[in-house]
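User: I'm a first-year student and I'd like a close look at one part of this structure, the place where the two chains meet. Could you walk me through it, starting from a single side chain and working outwards?

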2 protein chains.
Amino acid sequence: MARGPDAAETRFDGRMIAVTVERWGDARREIVERADSVAIAAVIDDAIVLVRQFREAARRELLELPAGTVDDGEEPLAAAQRELAEETGLRGGRWTPWPTVFTTPGFCRERVHLFLAEDLEEGEASPTDGEAIELVQIPLDDVPDRVGEIEDAKTLAGLLLLLRRR
Amino acid sequence: MARGPDAAETRFDGRMIAVTVERWGDARREIVERADSVAIAAVIDDAIVLVRQFREAARRELLELPAGTVDDGEEPLAAAQRELAEETGLRGGRWTPWPTVFTTPGFCRERVHLFLAEDLEEGEASPTDGEAIELVQIPLDDVPDRVGEIEDAKTLAGLLLLLRRR
């Protein structure tokens, strides 16, 4: 059953995240508030399409599933289709909902909604934040050998889910 | 190559997390600082041992791999062995490092170090934070049918990694 805190105080209120200090009985919890996100295992021509981009929090480039934030009031599927089109130009196709999971439930309310997208059509990408995004196609046959270089949890889960479908 | 921010200002400095607003060229990033964590796929008697506990950030109970925070100066393997013993009483055994992944690299510096632990010995648990932790053993044969109920990213990745070993 869902429960809520006995008291909560916002201690940081930023553009993308907020921090609330909550009281749960005798316990004090520092909680990061953050909109949900989406991530897509996009398959085209027997390959999965990943994005390589610099991640400030990681201090380096990471190879990840295309992903993004769910806008206020937006359905996760619509957000996933929008983000995939923006980052890769891929659109249309057949979409399957995959698990929705908390990214780091010890202190953060964010969940990531995973999706599988197949039979996509190619189009023009339109990245929004001015960041350089490199598209990387990995043939499905090569995925087992490439899993070890993944440094992002949602991408690891997505590639492993993909391998289970084969 | 690793890079760093041009400027950074701490805006929240808590016990478990901190928030830094960083400037990277023209970009402004809100970054959560957080110690790394560990999570363990612990196999005993052809079953994996999970923990069910209330997670304030999720507002409900989650079923997860045993996990915890790496202490300052501690090696991830030592932290994993300590956390597993505390939460489940399991110790000894044969340990295999699994991938280390960022939990949510869009805004958070935390990585989780995954481990496989086998041939463990049973002992007394000693949970530290007064929280009720229920141990749940899932036979390896049942894991494929139980993956769909997992709501935590590291646990999803861990169960899928385990299934690949069979």
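Analyst: Let's start with a polar contact: in this predicted model, the side chain of B:Arg34 pairs with the side chain of B:Thr69 at 3.3 Å. You will find B:Arg34 in strand S3 of chain B, which runs over residues 27–34. Is B:Arg34 buried or exposed? With a relative accessible area of 16%, B:Arg34 falls under the 20% cut-off, so the residue counts as buried. What does B:Arg34 touch, leaving aside residues up to four places away in sequence? Its neighbours from chain B are B:Met16, B:Ile17, B:Thr69, B:Cys108 and B:Glu110, and A:Phe107 joins them from chain A. That last neighbour takes us across to the other chain.

How are the two chains placed relative to each other? Chain A can be superposed on chain B by a rotation of 180° with 0.0 Å of shift along the axis, and the RMSD is 0.0 Å. The two copies are therefore related as by a two-fold rotation axis. Which C-alpha of chain A lies nearest that axis? The answer is the one in A:Ala157, 2.4 Å from the axis. Both copies use the same surface, since 100% of the contact residues of chain A recur in chain B.

Now for the contact as a whole. Chain A brings 56 residues to it, and chain B brings 56 residues too. The size of an interface is often expressed as the accessible area lost when the parts come together. Here about 5100 Å² is buried between chain A and chain B, with carbon and sulfur atoms giving 63% of that area. On the chain A side, the residues that lose the most area to chain B are A:Ala57, A:Arg59 and A:Phe102, and together they make up 14% of what that side buries.

Next come the charged and polar pairs. Between chain A and chain B there are 20 residue pairs in polar contact, with both residues at pLDDT 80 or more. Which parts of chain A touch chain B with at least two residues each? The strands are S1 (7–13), S2 (17–24), S3 (27–34), S5 (47–55), S6 (60–64), S8 (94–102) and S9 (111–118), and helix H3 belongs with them. Of these contributions to the chain A side, H3(A) gives the most, with eight residues.

Let's stay with that helix for a moment. H3 of chain A covers residues 153–164, twelve residues in total. From its first C-alpha to its last it reaches 17 Å, close to the 16 Å expected at 1.5 Å a residue. Is H3(A) mostly covered or mostly open? It is mostly covered, with eleven of its twelve residues buried. Among the buried ones are A:Lys154, A:Thr155 and A:Gly158, along with several leucines such as A:Leu156 and A:Leu159. A:Ala157, whose C-alpha is nearest the axis in chain A, is also on the buried list.

How many salt bridges link the two chains? There are four between chain A and chain B, while the structure holds 38 over all chains. A good one to look at joins B:Glu22 to A:Arg59, with the closest N and O atoms 2.9 Å apart. B:Glu22 sits in strand S2 (residues 17–24) of chain B and A:Arg59 in the loop between S5 and S6 of chain A, so this pair joins two chains. Both partners are covered: B:Glu22 is buried at a relative accessible area of 2%, and A:Arg59 is buried at 13%. You have already met A:Arg59, one of the residues that lose the most area to chain B. Another salt bridge runs from A:Arg29 to B:Glu56, where the closest N and O atoms are 3.2 Å apart.

To finish, it helps to set these beside a salt bridge inside one chain. A:Arg146 pairs with A:Glu149, the closest N and O atoms being 2.7 Å apart. Here A:Arg146 is partly exposed at 24% relative accessibility, and A:Glu149 is partly exposed too, with a relative accessible area of 39%. In the pair between the chains, by contrast, B:Glu22 and A:Arg59 are buried.

Definitions and conventions:
Residues are numbered from 1 along each chain as its sequence is written. Chains are lettered from A and ligands numbered from 1 in the order in which they are written. This is a predicted model: local features need pLDDT of at least 70, side-chain atom pairs count only at pLDDT 80 or more; totals for chains, interfaces and linings use all residues. Side-chain values use heavy atoms; hydrogens and water are left out. Helices (H or I, at least four residues) and strands (E, at least two) are DSSP runs, numbered from the N terminus. The expected span of a helix is 1.5 Å times one less than its number of residues. Buried means under 20% relative accessible area, exposed over 50%, partly exposed in between (1.4 Å probe, protein chains only). A polar contact is a pair of N or O atoms within 3.5 Å; within protein, one must be able to donate a hydrogen and the other to accept it, and residues adjacent in sequence count only if both atoms are side-chain atoms. Contact means heavy atoms within 4.5 Å. Copies are superposed by least squares on the C-alpha atoms of residues with pLDDT of at least 70 in both. Buried area is the accessible area (1.4 Å probe) that two parts lose on being put together, summed over both. A salt bridge is a side-chain nitrogen of Lys or Arg within 4 Å of a carboxyl oxygen of Asp or Glu.
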